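Student: I am new to this structure. Please take one part of it and walk me through it closely.

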Amino acid sequence: MPISTPRGRRHLAAGVLLASAAALLASCGQRGTAADPSTPLSPSPVTSAASPYVEPGAGDGAPHYNDNNAHRRPGDMSAAGERDAEKEAARIDPVLKRLWKQGDWDPETVLSAMLALGYEETRTGPKGERLGGHRLDVRPLESRYETDHYVTPEGTRIGLRVQEDACVTAFVQKSNYSVSVIGPYMETGCFSPPFAH
């Protein structure tokens with residue numbers, strides 16, 4: 001069948017198109033072209049564009065990560081607040097060390113020891129206003145999920161609000177104890193907020 005017939009021209013055009021497409025596909029991901037043999041053929045580096053929604057320091061890179069997790073970060077402390085909190089931490093540390101060595105880490109015993117240092121429990125007035133000097137909050141350790149159920153470990157955690165911008169947080173349990181100085185959390189004061197889902 002001669003190429004000059006309409007049917008022959010269609011077959012020729014389809015063949016040229018298929019050959020062109022195959023050549024283009026074969027050159028994908030390669031530098032250089034067959035027309036420029038001086039450029040070596042090699043794979044192109046793969047680059048991925050960053051999401052336009054990722055914020056600096058955004059953990060897993062999810063959009064609005066920093067906004068959504070602001071409540072999980074302690075606030076900033078002033079120099080005076082940090083200094084005062086460090087003084088109180090130095091008073092609390094030897095007491096918790098003694099309780100830990102004695103094996104006394106239940107909330108009642110720890111609360112009594114903190115009250116003996118002169119701290120007052122957090123109290124509120126008739127309109128919900130906070131009363132007292134340093135605000136002390138003593139609680140059992142938080143429960144945690146293990147295997148297939150929640151377990152509340154033995155021990156106690158302490159939150160002491162020294163100034164509006166400064167806290168002492170501590171815990172004592174069978175394995176260890178710790179005392180730290182931090183700024184308060186946005187929603188939960190001196191205690192770190194629990195994880196959601």
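Tutor: What follows is a close look at the open sheet and the parts packed around it.

Keep in mind that this is a predicted model. Start with the whole chain. It has four helices and nine strands. Along the sequence the pattern is α-α-α-α-β-β-β-β-β-β-β-β-β, so read from the start, the helices precede the strands. The protein chain holds 197 residues, and buried ones make up 26% of them. About 13,400 Å² of the chain is exposed. Carbon and sulfur atoms supply 56% of that area. Now count contacts with a separation of 6 or more: 44% of them link residues 24 or more positions apart.

Now the sheet. Which strands build it, and in what order? Five strands take part, and they line up as β1-β4-β7-β8-β9. The sheet is open, and its pairing is mixed. Strands of a sheet pair through backbone hydrogen bonds, either parallel or antiparallel. Two strands stand at the edges: β1, residues 120–121, and β9, residues 177–182. Each has a single partner strand, so one side of each is left without a neighbour in the sheet.

Walk across from β1. This strand runs parallel to β4, and two bridges join the pair. One residue pair to find here is E120 with its bridge partner R135 in β4.

Next comes β4 against β7. These two run antiparallel, with six bridges between them. D137 stands opposite G159 of β7. R139 faces R157 of β7 in the same way, standing opposite it.

Step on to β8. β7 and β8 are also joined, by eight bridges, and they run antiparallel. I158 has A170 of β8 as its bridge partner. The two strands form a hairpin, with two residues between them.

How well covered is β7? Mostly: eight of its nine residues are buried.

Now look at what lies across the sheet. Helix α4, residues 107–116, lies across β1, β4, β7 and β8. In residue numbers, β7 is 155–163 and β8 is 166–173. The helix runs at about 165° to β4.

M114 gives a good view of this packing. It sits in helix α4. Is M114 buried or exposed? Its relative accessibility is 0%, so M114 counts as buried. Set aside neighbours within four places in sequence, and M114 is in contact with I92, V95, L96, Y119, L136, V138 and I158. I158 is the residue paired with A170 in β8. The C-alpha atoms of M114 and R91 are separated by 9.7 Å, and these residues are 23 apart along the chain.

Some of those partners lead to another helix, α3, residues 79–102. Two packed helices are described by the angle between their axes and the distance between the axes. The axes of α3 and α4 come within 11 Å and cross at roughly 145°. The crossing is right-handed. On the α3 side, the contact is made by I92, V95, L96 and L99. On the α4 side, it is made by T109, V110, A113 and M114. Seven of the contact residues are nonpolar, one is polar and none is charged.

Go back to β4, residues 135–140, and look at P140. Its relative accessible area is 45%, so P140 is partly exposed. Not counting residues up to four places away in sequence, P140 touches P107, G155, T156 and R157. R157 is the β7 residue opposite R139. The C-alpha atoms of P140 and W105 are separated by 9.3 Å, though the two residues are 35 apart along the chain.

One last stop is a loop. T147 is found between β5, residues 144–146, and β6, residues 149–151. Most residues other than glycine have a negative phi, and most peptide bonds are trans. T147 is not a glycine, yet its phi is positive, at about 55°. Its relative accessible area is 79%, so T147 is exposed.

To retrace the route, follow the strand order β1-β4-β7-β8-β9. Then find α4 lying across β1, β4, β7 and β8, and M114 buried in that helix.

Terms used: Residues are numbered from 1 along each chain as its sequence is written. This is a predicted model: local features need pLDDT of at least 70, side-chain atom pairs count only at pLDDT 80 or more; totals for chains, interfaces and linings use all residues. Side-chain values use heavy atoms; hydrogens and water are left out. Buried means under 20% relative accessible area, exposed over 50%, partly exposed in between (1.4 Å probe, protein chains only). Contact means heavy atoms within 4.5 Å. Two strands pair if DSSP finds at least two bridges between them. Axes are lines fitted to C-alpha atoms, for helices over the stretch in contact, and angles run from 0 to 180 degrees between N-to-C directions. Accessible areas come from the Shrake-Rupley method with a 1.4 Å probe; for residues, only the protein chains shown count as cover. A crossing is left-handed if the near helix is turned anticlockwise from the far one by less than a right angle, and right-handed if clockwise. Ala, Val, Leu, Ile, Met, Phe, Trp, Tyr, Cys and Pro count as nonpolar, Asp, Glu, Lys and Arg as charged, and the others, Gly among them, as polar.
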